[in-house]
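Reader: Please take one part of this predicted model and examine it closely, giving the cut-offs behind each term as you go.

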Amino acid sequence: MGKNIKLTYSYDGSEFFGFQRQPGLRTVQGELEKVLKLVFKEDIDLISAGRTDRGVHGKIQVSNFVIDSTIPCERMERILNSRLPKDIVITDVEEVPLDFNSRFSAKHRGYEYFITEEKTPFNSRYTTFISKKMDVDELNKIVAPLVGVHDFSNFRLADCSSKTTVREIYVAEFKRIDEKTVKLYVKGNSFLKSQIRIIVGTILSIYLKHKPENYLKEMLANPTKKYVKMVAEPFGLHLCEIEY
């Protein structure tokens, strides 16, 4: 049996068609597996802690794979980083027990979503712009019902393949980062496809008075009822935390 190798890395999602491998498209998984094949001379099928949408960033991401190799982990990190594109950087390579699984061993994940009141060429890939002044207290009142165990059927896209829609949210909180920027931090056991973007889209729709103030509560309380889903832009979303 080979060695189970755990990769920890980050990526700028701006130029990727999402994380998951897709034929003919540039993805994070695809670029990693391409370089791994060059190094190890065999196809590698990465197991990963999560899959981000097109344009979403990974301040941290974790993957693992099993390989027969004598290359030390420190040297492996240097070799991979020398061949990867500049928008993916491996920060750690380590050998872990064979029963470690990047996806199923994770206890929780955390996301940040950045919203700005000032649009510039330098923040447009990493934040979402709204023209209204943001009141953090009001935003936190809107987001508060998310905390707890809920059926999030109304907070996923139609192509989500998850067998269960029940998730637990431990923390959902807005904080002001600077005069023009706020951040939503959401921590949960796991997330559905585009769940965070739909949460943010719903919150902003309520905040901007496009939807009634109880709209998010109703979406949670009535998981079998169909609601219009507002999906926020991907650019402000960052996978920021994975704990094992």
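Author: Of the chain's 244 residues, 51% count as buried, meaning under 20% relative accessible area, whereas exposed means over 50% and partly exposed lies in between (1.4 Å probe, protein chains only). The model is predicted, with local features needing pLDDT of at least 70 and side-chain atom pairs pLDDT 80 or more, while totals for chains, interfaces and linings use all residues. Residues are numbered from 1 along each chain as its sequence is written, and side-chain values use heavy atoms, without hydrogens or water.

The chain has 5 helices and 10 strands, taken as DSSP runs numbered from the N terminus (H or I, at least four residues, for helices; E, at least two, for strands). The part chosen here is α2, which covers residues 73–83.

Within α2, Cys73, Met76, Ile79 and Leu80 are buried. Viewed down the helix axis, these buried residues fall within an arc of 120°, so they line one face of α2; the arc is that of the directions from the axis to the C-beta atoms. An α-helix has 3.6 residues a turn, so residues three or four places apart point the same way. On the face turned away from the buried side, α2 carries the exposed residues Glu74, Arg78 and Ser82.

The buried residues of α2 pack against β1 (3–11), α1 (28–40) and β4 (88–96), where contact means heavy atoms within 4.5 Å. As for the wider chain, residues 24 or more positions apart account for 70% of its contacts with a separation of 6 or more, and its C-alpha atoms fill a box of roughly 60 × 40 × 30 Å along the principal axes.
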